[in-house]
Amino acid sequence: MTTAYPNCAGSLPLQTLYIELFDCKDEYLSHGTGFLVHIGCKQIGLITARHNLTALDIFTGQKIGRAPPKKAKVWIPRKANQSWVPFEIDLENKPWIDFETFNPPKPKSDVVIILLHFREKAVKDLLLFTFRTMDEVRFSDWQTWRVGMPMTILGYPIRRSQQKSALGIAGQLASEPRIDFQIGDERYPMYLVSARTWSGMSGGPVVPFQGHGGYFFDNGEWTAAAGGGEPLCLGLYGGRLTVTQNESSDLGLVWRICWLINAVYHELKTKNSYTFVELKANE
């Protein structure tokens, strides 16, 4: 497993990953968004929305789309040139870890993580950027965030054929981020953003609107730009809030990153063994 994680500022569109879903006949079904997090010594996890992998609405249990996906293809950018390398993940045996919300009666969340193992040879020239999330995000960080503040949702509102760089949709914080949002009789560790998002952006990171150094492509390679610090992830975008059975709003659901941190660590501490998905490049 690679340990090469850049300490300098990362490029937000490059850190956000494009995921394509396929059925048992290898036919394209849909696409979604995910991102990598560094969850411990030499461990990387792919985080995305559960409904991307199951084609089931977590709140209603209703089917989404034509059929449940059987295979996911995750695209990661190269260092050497402006291209993206696909890695396949078999979804038949449900290789992800589910998370409960901690709120009684502890319903499941729409967030999953897949623990990844990269072959050293396969990743020697990949950009394995990870968001600043885990124990670096403290409760005190939320004191500065207020309703109406600008935020950005990163993801893939359209299917990408060649370049897999993510797009950003501007929005605003629409609800108090420290208060759980209630759907029906259940409370969930979510808050709302107001933004005109599209299908395909579920699973993407929500970040504060701020400047950052990032990376730029120059003379055939990616070069780190100065300044800005590492980008901060404030949550995972879970899709638009459904008002009625056939109508969605411009309000989006965001799973709070502080809860996600605790959920990941809780799972890692309470289970004795995990399934690591070994990724092999499929070029």
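Is Thr48 buried or exposed, and what is its relative accessible area? I began my notes on this predicted model with that residue, and I found Thr48 to be buried, with a relative accessible area of 2%, which is below the 20% under which a residue counts as buried.

**Entry on Thr48.** I placed Thr48 in strand E3, which runs over residues 43-49. I then looked up the polar partners of its side chain, and I noted that a polar atom of the Thr48 side chain lies 2.7 Å from the backbone oxygen of Thr33, while the side chain of Asn52 makes a polar contact with the side chain of Thr48 at 3.0 Å. Setting aside the neighbours of Thr48 within four places in sequence, I listed its contacts as Ile19, Thr33, Gly34, Leu53, Asp110, Val111, Val112, Ser202, Gly203 and Leu236. Thr33 therefore appears both as a polar partner through its backbone oxygen and in this list of contacts for Thr48.

**Entry on positive phi values.** I looked up two residues other than glycine with a positive phi, and I took Ala55 before Lys94. Ala55 has a phi near 60°, and I located Ala55 in the loop between helix H2 (50-54) and strand E4 (71-77). Its relative accessibility is 8%, so I recorded Ala55 as buried. Lys94 has a phi of about 50°, and I located Lys94 in the loop between strand E5 (84-90) and strand E6 (97-100). With 58% relative accessibility, Lys94 went into my notes as exposed.

**Entry on the surface patch.** Which residues form a nonpolar patch on the surface? I found Ile158, Leu167 and Trp198, which together have about 300 Å² of accessible area. I followed up Trp198, which sits in the loop between strand E12 (190-194) and strand E13 (205-208), and I noted that Trp198 counts as exposed because its relative accessibility is 53%.

**Entry on helix H4.** I checked the length of helix H4, whose 14 residues run from 257 to 270. At 1.5 Å a residue the helix should span 20 Å, and its end C-alpha atoms are 20 Å apart, so the two values agree. I then looked up which residues of H4 are buried, and I wrote down Ile257, Cys258, Trp259, Leu260, Ile261, Ala263, Val264 and Glu267. For reading such a list I kept in mind that an α-helix has 3.6 residues a turn, so residues three or four places apart point the same way.

Note on methods
Residues are numbered from 1 along each chain as its sequence is written. This is a predicted model: local features need pLDDT of at least 70, side-chain atom pairs count only at pLDDT 80 or more; totals for chains, interfaces and linings use all residues. Side-chain values use heavy atoms; hydrogens and water are left out. Patches are made of residues with over 30% relative accessible area and no salt bridge: like charges are joined within 9 Å, nonpolar side chains (Val, Leu, Ile, Met, Phe, Trp, Tyr) within 5 Å. Accessible areas come from the Shrake-Rupley method with a 1.4 Å probe; for residues, only the protein chains shown count as cover. A salt bridge is a side-chain nitrogen of Lys or Arg within 4 Å of a carboxyl oxygen of Asp or Glu. Helices (H or I, at least four residues) and strands (E, at least two) are DSSP runs, numbered from the N terminus. Buried means under 20% relative accessible area, exposed over 50%, partly exposed in between (1.4 Å probe, protein chains only). The expected span of a helix is 1.5 Å times one less than its number of residues. A polar contact is a pair of N or O atoms within 3.5 Å; within protein, one must be able to donate a hydrogen and the other to accept it, and residues adjacent in sequence count only if both atoms are side-chain atoms. Contact means heavy atoms within 4.5 Å.
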